[in-house]
Amino acid sequence: MNIDIEVPEGLNPELTALGWLVGRWEGTGNGTDHDGKDFEFEQRIEFNHNGGDYLYYASQTFLLGEEGAEPTPLGMETGFWRPKPDATLEVTIANSDGWTELLVGKIQVTRIDLRTDAVVRAEGAVVSHSAGQRLYGKVEGDLMYALDRATTEHDLRPHMWARLKRV
């Protein structure tokens, strides 16, 4: 089995298991909003490092409309990915829609499974996000992910999924 693992120069050795994520990723995906309506989006994700024992992360999504129309900002999140020696992972994310989420999970070479441990919502949160699970994986050199979300109005269900190319 040939596993394509990259270790960027200067990466803290504690982050080796996440080295394949480092960089900028862009592409399009599909989703279903909290009302059950389908949508298409453009996404830009960046994972980076500064020598610390965490990756920092930023994601921006833009709603795609009619052909030729400018994409509309859909959301943004930023956070920190902190792997542990036992291949577990803690991820803290702040979302522009008014919540912060702590996710925990497991790194399995180029697959990462995460689930919500805790959510804190602001009074004015756009959506009453209450739990989620995420799957990230490297497939044929691309970053693929799926995000399931629960709200106070519905149980956990698919929310967004995409295939992104390294740029």
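# A guided tour of a ten-strand chain

The chain has zero helices and 10 strands; helices (H or I, at least four residues) and strands (E, at least two) are DSSP runs, numbered from the N terminus. This is a predicted model, in which local features need pLDDT of at least 70 and side-chain atom pairs count only at pLDDT 80 or more, while totals for chains, interfaces and linings use all residues. Residues are numbered from 1 along each chain as its sequence is written, and side-chain values use heavy atoms, with hydrogens and water left out.

## The whole chain

Begin with the entire chain selected and coloured by secondary structure. Along the sequence, the pattern reads β-β-β-β-β-β-β-β-β-β. With the principal axes as reference, the C-alpha atoms fill a box of roughly 40 × 35 × 30 Å. The radius of gyration is 16 Å, which agrees with the value near 15 Å for a compact globule of 167 residues; the radius is taken over C-alpha atoms, and the globule rule is 2.2 Å times the number of residues to the power 0.38.

Next, display the surface. Its accessible area comes to about 9,100 Å², and 51% of this belongs to carbon and sulfur atoms; accessible areas come from the Shrake-Rupley method with a 1.4 Å probe, and for residues only the protein chains shown count as cover. Of the 167 residues, 39% count as buried (buried means under 20% relative accessible area, exposed over 50%, partly exposed in between, with a 1.4 Å probe and protein chains only).

Charged side chains may be selected now. The chain carries 16 positive and 28 negative charges, and the mean positions of the two sets are 4 Å apart. Lys and Arg count as positive and Asp and Glu as negative, whereas His and the chain ends are not counted; the place of a charge is taken as NZ of Lys, CZ of Arg, CG of Asp or CD of Glu.

## Strands β3, β4 and β5

Select residues 55-63 (β3) and 72-83 (β4), which run antiparallel and are joined by nine bridges. Two strands pair if DSSP finds at least two bridges between them. Within this pair, Ala-58 has Thr-78 of β4 as its bridge partner.

Add residues 88-95 (β5), which pair with β4 in the antiparallel sense over seven bridges. Here Gly-79 is matched with Ile-93 of β5. Four residues lie between β4 and β5 in their hairpin, and Ala-87 in the turn has a positive phi of about 70°.

## Val-109 and Asp-113

Move on to the loop between β6 (99-108) and β7 (111-121), where Val-109 lies. Phi of Val-109 is near 60°, a positive value in a residue other than glycine. Val-109 is partly exposed, at a relative accessible area of 44%.

Then select Asp-113, in strand β7. Asp-113 is partly exposed, with a relative accessible area of 24%. Which residues does Asp-113 touch, not counting residues up to four places away in sequence? They are Val-104, Gly-105, Lys-106, Gln-108, Arg-134 and Leu-135, where contact means heavy atoms within 4.5 Å. Asp-113 and Arg-134 are 21 residues apart in sequence, and their C-alpha atoms are 5.9 Å apart in space.

## Strands β8, β9 and β10

Select residues 142-151 to show β9, where eight of the 10 residues are buried. Antiparallel to β9 runs β8 (residues 129-139), joined to β9 by 10 bridges. Leu-135 stands opposite Ala-146 in β9.

Two residues lie between the strands in the hairpin of β8 and β9, and Glu-140 takes a positive phi near 50° there. Is this loop residue, Glu-140, buried or exposed? Glu-140 is exposed, with a relative accessible area of 72%.

Now select Thr-151, in strand β9. Thr-151 is buried, with a relative accessible area of 5%. Not counting residues up to four places away in sequence, Thr-151 touches Val-127, Ser-128, His-129 and Ser-130. The C-alpha atoms of Thr-151 and Ser-130 are separated by 4.8 Å, although the two residues are 21 apart along the chain.

Finish with residues 157-166, strand β10, joined to β9 by seven bridges in an antiparallel arrangement. Leu-147 stands opposite Met-160 in β10, and the hairpin formed by β9 and β10 has five residues between its strands.

## Returning to the full view

Show the whole chain again and consider its contacts. Among those with a separation of 6 or more, 40% come from residues 24 or more positions apart.
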